[in-house]
Amino acid sequence: MDDLAYGTRNKRGDWQPKEPADIAPIWHFPPQPLAVLKWLPHYFLPYDVVFFASAVAWWYWVLPDVEVMKTLAWGWILKLFVINTIALFAFFGVFQLRLYTFRSQGTRFKYNGQFPADKRSDAFWFKRQDVDSALRILFHAMPIWTAIEVAILYAYANGYVPWVGFSEHPYYCAFLVLLIPIIHETHFYLIHRLIHTPILYKYVHSVHHNSVNPSPYSSLSMHPVELLLYLGMAFWQLFIPSNPILALYALHRAGFGAIPGHVGFDKVEVGESGGIDTHAYIHYLHHKYFEVNYGDGLIPFDKWFGTFHDGSKEGDQRMQARYQKKKARMNAKAAADAAQQTNSVSN
Amino acid sequence: MADWITACKLDDIEAEGVRRFDHAGRTFAIYRSADDEVFCTDGLCTHEKVHLADGLVMDYEIECPKHSGAFDYRTGEALRMPPCINLKTYEAETDGVEVRVRV
C-alpha cells in the first residue's frame with residue numbers, strides 16, 4: 001500500500017496520518033448520526049469480539065471446575081499462568097514478529113520512522129527495548145495478571161460476590177457487556193492521571209514511558225504497581241453484580257487489549273491493498289508527548305480537561321501553549337533555587 | 001571566572017554532530033552545526049540527567065536519547081517534553097582547527 005496516500009512523512013522518517021485523531025463520534029456536537037452509525041460496529045470490532053471470545057474459551061477450556069477453584073492450589077494456578085503467558089506472547093508475538101522482527105511492511109504507516117531494535121539505550125535492561133519489555137511481561141505482568149484472575153475466580157467460586165447467570169438475566173448481562181469498555185476507559189483515565197503525578201511518575205510510570213517509540217511488547221512493559229492498578233480494573237466486576245466470564249472479559253480486554261495503543265503502526269497491511277486500522281494514534285501521541293491523551297477517546301475526558309491532542313497543528317499549538325506555561329514556571333523555580341544556593345555559598 | 005579552554009579539534013565532531021567534553025568534574029556537550037558553527041551546553045538532559053552527547057542532532061536541535069525530549073542547543077531552550085528546564089549554555093568558538101569553550 002502507498003502510505004503517502006493516507007498521510008505524510010517528515011524528514012526524520014516519521015509518518016503522520018492526514019486525518020487527525022478523533023474522539024468517539026457519539027460525543028460530536030452538533031450530532032452526526034451517520035458518523036455514529038458508521039462507528040458503532042467499532043465499539044466491539046475487531047478487538048472486543050476477540051477478547052470476549054477468549055474469555056469464553058478460557059472459561060470452558062482453560063479453567064478447572066468451579067469446585068477446584070474454591071481452593072488455592074498450585075496445580076491449576078500454575079497451569080493458568082503458563083497458558084496465560086503462552087497466549088499473551090503468541091498474541092503480541094504475531095504483531096511483534098511480523099512488524100518489528102521481520103519488518104514485513106517496512107516503515108509504511110509507522111508513526112516513528114525508527115525501529116527500537118536499531119537503537120540501544122541505557123533506559124532498558126540489556127540496552128534493548130524488546131528484551132526489556134519481554135522480560136517485564138514475563139516476570140511482572142503475567143504473575144500479576146494471573147494473581148488478579150485467581151483472586152476473582154476464587155471470590156466467585158466461594159460465593160463471596162454475587163454471580164449473575166446469563167440465562168437468568170440476559171438483558172442485564174448484555175448491558176454489562178456494553179458497560180465494560182466504559183468502565184475500562186474511565187478506570188484507565190483515572191489511574192493514568194494518578195500515575196502522572198510527579199512522585200508516582202518518577203518511581204512507577206516512567207518505566208512504561210521509557211518506550212518513547214512503542215512496540216507491541218511495550219504494551220505491558222510496566223512497573224508492578226502500575227500493572228496492579230491497570231489490570232486491577234477487572235476487580236470492578238466484583239463490586240457490581242456480574243459474572244466470572246465478564247470479569248475474564250474485562251481482564252483480557254485490559255491485558256491482551258493493551259496492544260492497540262502500542263503497535264506503532266496506523267494500519268497493519270493485509271494482502272496487496274488491504275489494511276486494518278489499529279486506532280493506535282491517540283495513545284502513540286501520549287508516548288511521544290507525555291502530557292496529552294491520558295485516555296483513549298471513547299469518553300472525551302481529555303477534551304473536557306484540555307489535554308487532547310489529535311496530531312494536528314492546532315493540537316500541537318494547544319500542547320505547546322501548556323508546555324510554555326509549565327516551562328516558565330519550572331525555569332523560574334530553577335532560577336530561584338540557583339540564586340538561593342549562590343547566596344548560601346557566598347554567606 | 002570562567003576560562004577559555006581548548007576542548008577538542010573541530011574535526012572530532014561531525015557536521016550536525018555532538019561530542020561529550022568532561023572538564024573539572026563537569027560534563028558538557030559541544031555541537032557542530034551544518035555550517036561549522038560551534039556551541040556548548042551542559043552535557044546532561046535536565047529531565048533525567050542522561051548524556052546528550054548520545055543523542056541525535058538535527059538542524060539546531062539536540063534530541064535526548066532517552067525520552068526524545070529536545071533542546072535548541074544555541075539557546076539551551078527546552079523545545080519538547082519531557083524536559084521543561086532549559087539547558088545552561090556556554091560560549092564556544094573555533095578557528096577552524098580547534099574548538100574552545102568558556103566554562
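Here is a quick tour of this structure, with most of the time spent on chain A and one of its helices.

Keep in mind that this is a predicted model. Its overall scores are ipTM 0.82 and pTM 0.90. For chain B, the mean pLDDT is 94, with 99% of its residues at 70 or more.

Now to chain A. Its secondary structure adds up to 13 helices and four strands. The radius of gyration is 22 Å, close to the 20 Å that the globule rule gives for 347 residues, so chain A is as compact as a globular protein of that length. Here are some overall numbers for the chain:

| Feature of chain A | Value |
|---|---|
| Span of the C-alpha trace along its principal axes | about 70 × 60 × 45 Å |
| Buried residues | 36% of the 347 residues |
| Contacts joining residues at least 24 apart, among those between residues at least 6 apart in sequence | 64% |

Let's zoom in on helix 7 of chain A, which covers residues 198-209. How far apart are its end C-alpha atoms? They are only 13 Å apart, although the helix has twelve residues and a straight one would reach 16 Å at 1.5 Å a residue.

Which residues of helix 7 of chain A are buried? They are V204(A), H205(A), V207(A), H208(A) and H209(A). As for what covers them, the list includes three other helices of chain A: helix 6 (170-195), helix 8 (224-231) and helix 11 (281-289).

Note on methods: Residues are numbered from 1 along each chain as its sequence is written. Chains are lettered from A and ligands numbered from 1 in the order in which they are written. This is a predicted model: local features need pLDDT of at least 70, side-chain atom pairs count only at pLDDT 80 or more; totals for chains, interfaces and linings use all residues. Helices (H or I, at least four residues) and strands (E, at least two) are DSSP runs, numbered from the N terminus. The radius of gyration is taken over C-alpha atoms; the globule rule is 2.2 Å times the number of residues to the power 0.38. A residue is buried if 20 or more other C-beta atoms lie within 10 Å of its own, exposed if 12 or fewer, and partly exposed in between; C-beta atoms are placed from the backbone. Two residues are in contact if their C-beta atoms, placed from the backbone, lie within 7 Å. The expected span of a helix is 1.5 Å times one less than its number of residues. pLDDT is the predictor's confidence in each residue, from 0 to 100.
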